[in-house]
Amino acid sequence: MTHSSPTSRPKVSSPRTAVAVLAFVGIIASLMQTIVVPLIPQLPALLHTTASNTSWVITATLLAGAVVTPIAGRLGDIFGKRRILLISLALLIIGSVTCALTSSLGLLLAGRILQGLSMGVIPLGISILRDELPREKVGSAVATISATMGVGGAIGLPISAVIAQNADWHVLFWASAALAVIAFVLVLVALPESPLRTPAKFDGVGAFGLTAGLVALLLPVSKGADWGWSSLLTLGLFAASAVILVLWGIFELRINSPLVDLRVTAKPQVLFTNLASVAVGFGMYGMSLTFPQLLMAPEATGYGLGLSMVQAGLAMAPGGLVMMALSPVSARLSARRGPKFTLVTGSVVIGIGYVLAFFLTSAVWQVILAGMVIGAGIGLAYAAMPALIMGAVPLKETGAANGLNSLMRSVGTSTSAAVMGVVLANMTMSLGSATLPSMDGFHTTFGIAILAAVAAVILGALIPRNKKSRDTTPEATQQAAPALVDAQS
């Protein structure tokens, strides 16, 4: 393998430009998770099908995004991160145009799957920054990109709600296509290709096995409430997932260039970071799912605040903005105290936010405050995770490792959607002919989210400080990078 030396290795001309471009790309990709939320009540009529069928419009994107993240990261390590980033954005453009041109459920699902396949851009962006930026810029830059996973979803809700209420629903997808084209051009013009590669054969069998195992796992997690948790289909898929993932793991341990190096993944620093990521992802999506329903519930329920979709989206936006604002703070805190401390601190703040939500939901400003506190915690925690991962894996595997960490967050969000959905669907009240979640249901979801935050704190506390081989702070990670490059050259 050949690499440029750390001194001669080409860098981006402007680190600030690189961060801005990749943050924009990350936000555009994460927007795809919430872009159709305002359409959910209308989709059965728009597509001439049932509500159960139209729920796949969201599920398909979440599944595709979860599956693609580790695969895109590994492809980037082997074939070039910028190249795979551009391919991901091209898929987003094609998927958006497909959705914009159809009113057929089948074609809409195909387009939404293609949109979901763009989620690999976030771990790819993190790896590009580690490869290309000067040492002193990496920590804050990675924190910013990592935070876009939450920011895009938060700000996308009010924007898509405004478009959905004032224009034909296809305009949502034309807008996403236009944004994706802008992102593609910016990457093409502003970012160089990283010279750091892993000269290996792509593990196609491993990619297929991981895809099959994850689909078999996440599909019943997402749809179990509709199918029935004790149904043969749900239990059969869970069993199939267990068998497939065990066989996949055995295969990965026996080949020279696996899709995921499970020996590295089993390191305590990587393992506990990934497990904490599941818990933090659970907390993030819990807010996105429950708060809008609480804000939009009719005042006649006794707890609802009676907001429109646009108003509820605007009330959710400050949480996303706080998430982004806290990313540089997270980088500085990680530099001073270590990313482990930042992850644990962020998890504690998430728990505090849900405690506020448990007790204070009688006014819009109280819900906004709880959302901002939770957003602050997510901003701190999300931004610390890549630093922990990159401090524990070889430089040549950063793309795959960050992709796997993004996958763990997706597992958390999918599980949260399933659990919160079951609770709110089973703890209900009647209002006229309508059946709505009860306040006890919301309190239960907030209690579950508090437990998830406690789990994240415990898992974060179990992350060891690996001082012998490589410190875990962003500075130490950056200092180690040149030496790693030399060792691999």
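## The hairpin

How many bridges join strand β1 to strand β2, and which way do the two strands run? There are 4 bridges between β1 (residues 428-431) and β2 (residues 434-437), and the strands run antiparallel. Keep in mind as you look around that this is a predicted model.

To find one of the pairings, start at Met-429: its bridge partner in β2 is Leu-436. The hairpin has 2 residues between its strands, and Gly-432 takes a positive phi near 65° there.

## Helix α4, from end to end

Helix α4 covers residues 56-79, which is 24 residues. At 1.5 Å a residue, α4 should span 34 Å, and its end C-alpha atoms are 32 Å apart, so the two values agree.

There is a bend along the way, though. At Val-68, α4 bends by about 35°, and a proline, Pro-70, follows within four residues. Just after the helix comes Gly-80, with a positive phi near 115°.

Is α4 mostly buried or exposed? Of its 24 residues, 21 are buried, so the rest of the structure largely encloses this helix. The cut-off for calling a residue buried is under 20% relative accessible area.

## Two helix pairs

When you look at packed helices, two values do the describing: the angle between the axes and the distance between the axes. For α4 and helix α6 (residues 105-116), the angle is about 30° and the axes are 7 Å apart. That angle makes α4 roughly parallel to α6, because anything under 35 degrees counts as such. The crossing of α4 past α6 is right-handed.

Now for the other pair, further along the chain numbering: helix α15 (residues 339-359) and helix α18 (residues 439-461). Here the packing angle is about 165°, with 8 Å between the axes. Since angles over 145 degrees count as roughly antiparallel, α15 is roughly antiparallel to α18. This crossing is left-handed.

## A loop residue with a positive phi

Which residue has a positive phi of about 55° although it is not a glycine? That's His-48. You'll find His-48 in the loop between α2 (43-47) and α3 (51-54).

His-48 counts as exposed, because its relative accessibility is 74% and the cut-off for exposed is over 50%.

## Two residues inside helices

Val-322 is in helix α14 (residues 309-337). With a relative accessibility of 16%, Val-322 counts as buried. How far apart are the C-alpha atoms of Val-322 and Val-67? They are separated by 28 Å, and the two residues are 255 residues apart along the chain.

Ala-175 has its place in helix α9 (residues 170-190). Its relative accessible area is 27%, so Ala-175 is partly exposed. Along the chain, Ala-175 and Gly-116 are 59 residues apart, and their C-alpha atoms are separated by 16 Å.

How values were computed. Residues numbered from 1 in each chain as written. Predicted model: local features only at pLDDT ≥ 70, side-chain atom pairs only at ≥ 80, totals over all residues. Heavy atoms only, no water. Pairing = 2+ DSSP bridges. Buried < 20%, exposed > 50% of the residue type's maximum accessible area, 1.4 Å probe, protein only. Expected span 1.5 Å × (residues − 1). Bend = angle between axes of the 7 residues up to and from the residue. Axes fitted to C-alpha atoms, helices over the stretch in contact; angles between N-to-C directions. Parallel < 35°, antiparallel > 145°, perpendicular 65-115°, else oblique. Left-handed = near helix turned anticlockwise from the far one by under 90°.
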